[in-house]
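Visitor: Could you walk me through this one? I'd like the helix packing and then the ligand site.

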Amino acid sequence: VGVPQARRPPLRAVPRSAPAGACPAGVDDPRETLLRRAAGLPGVVSFAGGLPADAQFPRRALTAAFVAAVAQPAASALQYGWPEGEAALREWVAARLRARGAQVAADEVLVTSGAQQAIAIAAGLVCRPGGAVLVEPESYAAALDLFRGRGLRPTTSAAGACAAYVMPALSNPRGWALGGGARAALIASGLPLIEDDAYAELRFAGPPPRPLVADVRARTLHVGTFSKTVSPGLRVGWLVVPPRLQARALRAKRDADLQANSLAQAILAGFLRREDFDARLRRLRRYYRRKADRLAASLRRRLPSWRFRDPEGGFSIWVETDVALSEIHLLAHAVEAGVCYDPGSLFRADGRTVPLALRLSFSAVAEDAVDRGVARLARAWRAVAREPAPLRLTGRSA
Ligand SMILES: Cc1ncc(COP(=O)(O)O)c(C=O)c1O
């Protein structure tokens, strides 16, 4: 790949920060090998992973909530709990969904070990093995992997699908809301709808839109998480299923891991009791919007041939190009230049690598490193363009 061997450090077993949901299925995947290599290198500007910014973890408040939870005379934070989860958390989730127009009671909320487990349980409830799942043309990589791992086929056509998996409020990797026409078509499809609301609270323009679960309660399996707004390390998310599926969802949760982590749930419940959560969200939206704007401006200046639409929220910008070049080749050059990102094929329903696309996550990059990272990307892009096997253009200039 044109990377001098002598400058390659050995692969570290444990990356400094594991990419969230962007790791493909196996460690023998060259994309993952490169991402892991980059994560272990000092000084690399990482647009990979889609991680929340370390600086935004409410460390002091979580520490106080942790101390209070462990000190409780009842010791429930250190004890087993019921599979459905902590009552205060369930009520908190239900109240926020009701404020968005959904008829959801606290006892209909299942606390899960992150949104990822909620997606897994939901898929198990409504997808037949061997079936097809309707997804957006680009979708959340770890959900696509999960579906494939269960013998399900991600598809962009509703015909023959057993369910749909969508991010209507804000999609990953595009960072857009689902358009009105697509939403109406989904509702009319009659399919069970797995609604992944992970980024809904991080729309730059303000509060989240009306969720699908508010309009199609009987067919929607609604997934949420505290990973993006509080901390993914706590591993707490939730699932709301149609009433007829509730008993099966509870059984699936218990079979998987008995219950979500008691301590993490107690910490979150204590944190949410004291936190002005909406004020926190307003701060987070401003913070991530600033980073998104920086990245967009830098890309427009340094890589004018790359196409993207400014995100409406979330952590990433989805970039498309018109070139048909090996994405692993560019990624290797980028890592060599001191920058990394998630290759676009990870997010494509059909897994295709051309035309070349990339997901650049601005969320965890220090603001003053954004432009440096893009300059390195531009250097890698130029280096690849100079090579004997040049870029093969499929349309516009690159
Ligand atoms: C769209 C989407 N859904 C779900 C998840 C998983 O979140 P959790 O950390 O709650 O498992 C992610 C994490 O990156 C995500 O981007």
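Visitor: Which residues of helix 3 are buried?
Guide: This is a predicted model, where local features need pLDDT of at least 70, side-chain atom pairs count only at pLDDT 80 or more, and totals for chains, interfaces and linings use all residues. Numbering runs from 1 along each chain as its sequence is written, and side-chain values use heavy atoms, with hydrogens and water left out. Helices here are DSSP runs of H or I, at least four residues, and strands are E runs of at least two, numbered from the N terminus. Taking buried as under 20% relative accessible area (1.4 Å probe, protein chains only), helix 3 has L89, R90, W92, V93, A94 and L97.

Visitor: What covers the buried residues of helix 3?
Guide: Contact means heavy atoms within 4.5 Å. By that cut-off, the cover includes strand 2 (109-112), strand 7 (220-225), strand 8 (237-240), helix 7 (212-215), helix 9 (262-274) and helix 10 (277-302).

Visitor: How far apart are the end C-alpha atoms of helix 3?
Guide: The expected span is 1.5 Å times one less than the number of residues. Helix 3 (residues 87-99) has 13 residues, so it should span 18 Å, and the end C-alpha atoms agree, at 18 Å.

Visitor: On to the ligand: which residue has a polar backbone atom 2.6 Å from a ligand oxygen?
Guide: Polar contacts with the ligand are pairs of N or O atoms within 3.5 Å. A backbone N or O of Q116 lies 2.9 Å from a ligand oxygen, and a side-chain N or O of N172 is 2.9 Å from one. The 2.6 Å pair belongs to A115.

Notes. Polar contact = N/O pair within 3.5 Å; in protein donor to acceptor, adjacent residues only side chain to side chain. Buried < 20%, exposed > 50% of the residue type's maximum accessible area, 1.4 Å probe, protein only.
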